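User: I would like to learn how to read a structural model step by step, beginning with a ligand site and then moving on to single residues. Could you take me through it?

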Amino acid sequence: MNENLWKELEHFALGCTACELCKTRKNVVFGSGDPFSRLWLIGEAPGSTEDEKGLPFVGQAGSLLDGFLTKNGFKRDSLFITNVIKCRPPNNADPTDEQKDQCFPILTAQLSIGKPKYVLALGRHAAEALVPRPFKSIKEIRGQIIQLDEVKVVVTYHPAAVLRNPRLGEIVDHDIQMMSKLIAGE
Ligand code: URA
């Protein structure tokens, strides 16, 4: 990975004013962990705790995610975690198409510099950003290995969905375990 390019991209993202979210954010949440890692996790957008701290998945959904990661042998610091949208949509609103269009080039640039081999897409927005085929629900595409150019993508439910419906936890655990076995087997 080209570290200088990565730093330039981060510098650009931290000053980004491409959409109105720059007016309400406290921090741009560029990502955390190791961008050299083979495995990246991609979520939706920062919530209020993430906006405060400038780090992804450090609120309630993040604690739940940490539990799934630890259970399946992953250390948070040894993978890279980011979101489709880098700034918090106020009131935890769904990101708009315009916000996604403005922000997506940052994720695309991150992916082309970091070149992960595996991506775990958390929830609908990450799946829509990464998987070109149309789908009606996460149920249709989760738990499969989707090969996109050089990257193997596994889609699962967003941890926030598990907070709302704890029964989904078993499925997320299964999908993360699948990713763990996939990486171990290659
Ligand atoms: N939800 C997300 O999708 N990302 C975060 O960083 C936090 C909550």
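Analyst: What follows is a reading of a predicted model, taken feature by feature.

User: Which residues are around the ligand?

Analyst: A shell is read by listing every residue that has a heavy atom within 4 Å of the molecule. In this model the residues around the ligand are Gly43, Glu44 and Ala45, together with Glu50, Pro56, Phe57, Asn83 and His158.

User: How many residues of each class does the shell around the ligand have?

Analyst: Sorted by class, the shell around the ligand has 3 nonpolar, 3 polar and 2 charged residues.

User: Which polar atoms lie 2.7 Å from an oxygen atom of the ligand?

Analyst: The general idea is to look for pairs of N or O atoms within 3.5 Å and then to ask whether the protein atom belongs to the backbone or to a side chain. On the backbone side, an N or O atom of glutamate 44 lies 2.7 Å from a ligand oxygen atom, and a polar backbone atom of phenylalanine 57 is 2.9 Å from an oxygen atom of the ligand. From a side chain, histidine 158 places a polar atom 2.7 Å from an oxygen atom of the ligand. As for cover, the ligand has 240 Å² of accessible area on its own, and the protein covers 92% of that area.

User: What is the space taken by the ligand?

Analyst: The space that the ligand takes is the largest pocket.

User: Turning to single residues, is threonine 82 buried or exposed?

Analyst: A residue is called buried when its relative accessible area is under 20%, and exposed when that value is over 50%. Threonine 82 is buried because its relative accessible area is 0%. Its place is in strand β3, which covers residues 80-83, and its side chain is joined to that of lysine 86 by a polar contact of 2.8 Å.

User: Where are leucine 120 and leucine 39 found?

Analyst: Leucine 120 is found in strand β4, residues 118-122, whereas leucine 39 is found in strand β2, residues 39-43. With a relative accessible area of 2%, leucine 120 is buried, and leucine 39, at 5%, is buried as well.

User: How many residues apart in sequence are leucine 39 and isoleucine 183?

Analyst: Separation along the chain and separation in space are best read side by side. Leucine 39 and isoleucine 183 are 144 residues apart in sequence, and their C-alpha atoms are 8.6 Å apart in space. For leucine 120 and arginine 133, the corresponding values are 13 residues in sequence and 16 Å from C-alpha to C-alpha.

User: What can be said of alanine 13 in the same terms?

Analyst: Alanine 13 lies in helix α1, residues 3-14, and it counts as buried because its relative accessible area is 1%. Along the chain, alanine 13 and aspartate 94 are 81 residues apart, and 20 Å separates their C-alpha atoms.

User: Is arginine 164 buried or exposed?

Analyst: Arginine 164 counts as exposed, because its relative accessibility is 67%. This arginine is found in helix α8, residues 159-164; from arginine 164 to phenylalanine 68 there are 96 residues in sequence and 16 Å in space, C-alpha to C-alpha.

User: What is the phi of asparagine 91, and what is that of lysine 115?

Analyst: Here one reads the sign of the backbone angle together with the residue type. Asparagine 91, although not a glycine, has a positive phi of about 55°, and lysine 115, also not a glycine, has a positive phi of about 45°. Asparagine 91 is placed in the loop between β3 and α5, while lysine 115 is found in the loop between α5 and β4. Asparagine 91 counts as exposed because its relative accessibility is 70%, and lysine 115 counts as exposed at 60%.

Terms used
Residues numbered from 1 in each chain as written. Predicted model: local features only at pLDDT ≥ 70, side-chain atom pairs only at ≥ 80, totals over all residues. Heavy atoms only, no water. Polar contact = N/O pair within 3.5 Å; in protein donor to acceptor, adjacent residues only side chain to side chain. Areas by Shrake-Rupley, 256 points an atom, 1.4 Å probe, with all protein chains shown as cover. 1 Å grid on protein atoms, 1.4 Å probe; cavity = no way out; pocket = protein on both sides within 12 Å on 5 of 7 lines; lining within 4 Å. Sits in = over half its atoms within 2 Å of the grid points. Nonpolar A, V, L, I, M, F, W, Y, C, P; charged D, E, K, R; others polar. Helix = DSSP H or I, 4+ residues; strand = E, 2+ residues; numbered from the N terminus. Buried < 20%, exposed > 50% of the residue type's maximum accessible area, 1.4 Å probe, protein only.
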